[in-house]
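Student: I am new to this structure and would like a close look at a single part of it. Please take the inside of the fold and go through it slowly.

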Amino acid sequence: MPCPRLECGSATDFIIRMLLSVALCVAMLAGCTDSADKTSQPQKTYASAADLDSFCDRLPRAAYADFRKHKASDDWFEVYEVEPGIFAIYEPFQWQEVISYLIVGTESALLFDTGNGIGDIKAVVEQLTDEPVRVLNSHSHFDHIGGNYQFDDVLSIATEFTLARTGGIQSDEVRMEASPAALCKSLPVGVTEANHQTRPFSITETIAEGDVVDIGGRRLEVLHVPGHTDDSIALLDRDAGFLWSGDSFYEGPIWLFFPETDLAAYQKSVAKLAAVAADLKAVFPAHNTPKADPALLMQLRENLDRVLTGKVEPVPVSDGNVEFRFDGFSFLMRANYHSLTTDN
Ligand SMILES: [Zn+2]
């Protein structure tokens, strides 16, 4: 994604993140703390990973002008109703620009991801629905599970990776998510860089490939799409033609260099998503912009296949990583990415 995605990783990742933080501090000192003043800035749908110093300048993203900002928005979250009963709960002022989705049916609601855990997402959700709310995560990176602790009913695919995250994450990487470098505005009251953490949560029900979550009037099918992590899922509403893609696809640099990323598995999962693209009306990704053209999933598959067969020239971007750039998205991988595709 275009913002520095700071997820758990190696010492090398940490060094990269520190360098990114310095670049962002410079940008913030240059005056990017007030995003409201940025409306006249040129808009981009995509920026390369090397373009990190412009994080605040990308706000507000032009894509959001297509949607009505909902009154449930607060100082930390912006809420947009992207389809009737489907709310994008966006954290625009933190560099992950993560998007959680509340999907409201006639009998219950599903909250697909809970964000960073910096703002009070439960309070936002309670403004949007009176129905019982279940949580389901697109995967267990900390920018998607941060508010899980606020909810009693958490469904999960529950791999070992997932289970390891249920105990919470207290680390420098997570604390850095609340550092000045990561922000375009002040933190909510009570949250500081020093005390920010991913809080522990409990899984109340496990789900698996092909399971359907019926919320009344809308049936959401679980697609297991390992790759970015082994617990990555997408949600498919076949009747409406909607797909929630998590971090398997979003518009921006897609981060595929983590130790927990499996490129061979990702390639298969991308093919699985592309296979349903022709039947889709919209894709709802987990970062940056809330509604994408399903045709991009075909381009995702085509370009990933080209990358993994050595047909695209990589661009070195930071210590040990390379980027493959396309129209609307890119892939960030380890420089030795080819040796990681063991299952081809
Ligand atoms: Zn992720």
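How many residues has the largest nonpolar core, and which residues have the most contacts inside it?

Tutor: A word on the source comes before the answer: this is a predicted model. The largest nonpolar core has 90 residues. Those with the most contacts inside this core are Ile89, Tyr101, Leu102 and Ile103. Helix α7 gives the most to this core, with six residues.

Leu102 can be followed outward from there. Leaving out residues up to four places away in sequence, Leu102 touches Phe87, Ile89, Ala109, Leu111, Val125, Leu128 and Thr129. Ile89, one of these partners, is also among the residues with the most contacts inside the core.

Now to helix α7, which covers residues 295-308. At 1.5 Å a residue, its 14 residues should span 20 Å, and the end C-alpha atoms are 20 Å apart, so the expected and actual spans agree. The buried residues of α7 are Leu296, Leu297, Leu300, Arg301, Asn303, Leu304, Val307 and Leu308. They pack against α6 (263-276), β13 (282-285), β15 (321-325) and β16 (329-334). Just after the helix, Gly310 takes a positive phi of about 75 degrees.

One of the elements packed against α7, strand β13, leads on to a sheet. Five strands form this open sheet, in the order β8-β9-β10-β11-β13, with mixed pairing. Strands β8 (212-214) and β13 stand at the edges, and each has a single partner strand, so one side of each is left without a neighbour in the sheet. From one strand to the next, the twist averages 25 degrees.

Within the sheet, β10 (residues 233-237) and β11 (residues 242-246) pair in the antiparallel sense over three bridges. Asp237 has Phe242, in β11, as its bridge partner.

The loop between β9 (219-224) and β10 holds His228. This histidine is buried, because 27 other C-beta atoms lie within 10 Å, and 20 or more are enough for a residue to count as buried. Setting aside neighbours within four places in sequence, His228 is in contact with His139, Asp247, Ser248, Leu256, Thr261 and Tyr266. Of these partners, Leu256 is 28 residues from His228 in sequence, yet the two are 6.0 Å apart in space, C-alpha to C-alpha.

Conventions: Residues numbered from 1 in each chain as written. Predicted model: local features only at pLDDT ≥ 70, side-chain atom pairs only at ≥ 80, totals over all residues. Helix = DSSP H or I, 4+ residues; strand = E, 2+ residues; numbered from the N terminus. Expected span 1.5 Å × (residues − 1). Buried ≥ 20, exposed ≤ 12 C-beta atoms within 10 Å, placed from the backbone. Contact = placed C-beta atoms within 7 Å. Pairing = 2+ DSSP bridges. Axes fitted to C-alpha atoms, helices over the stretch in contact; angles between N-to-C directions. Core = buried A, V, L, I, M, F, W, Y, C linked by C-beta atoms within 7 Å.
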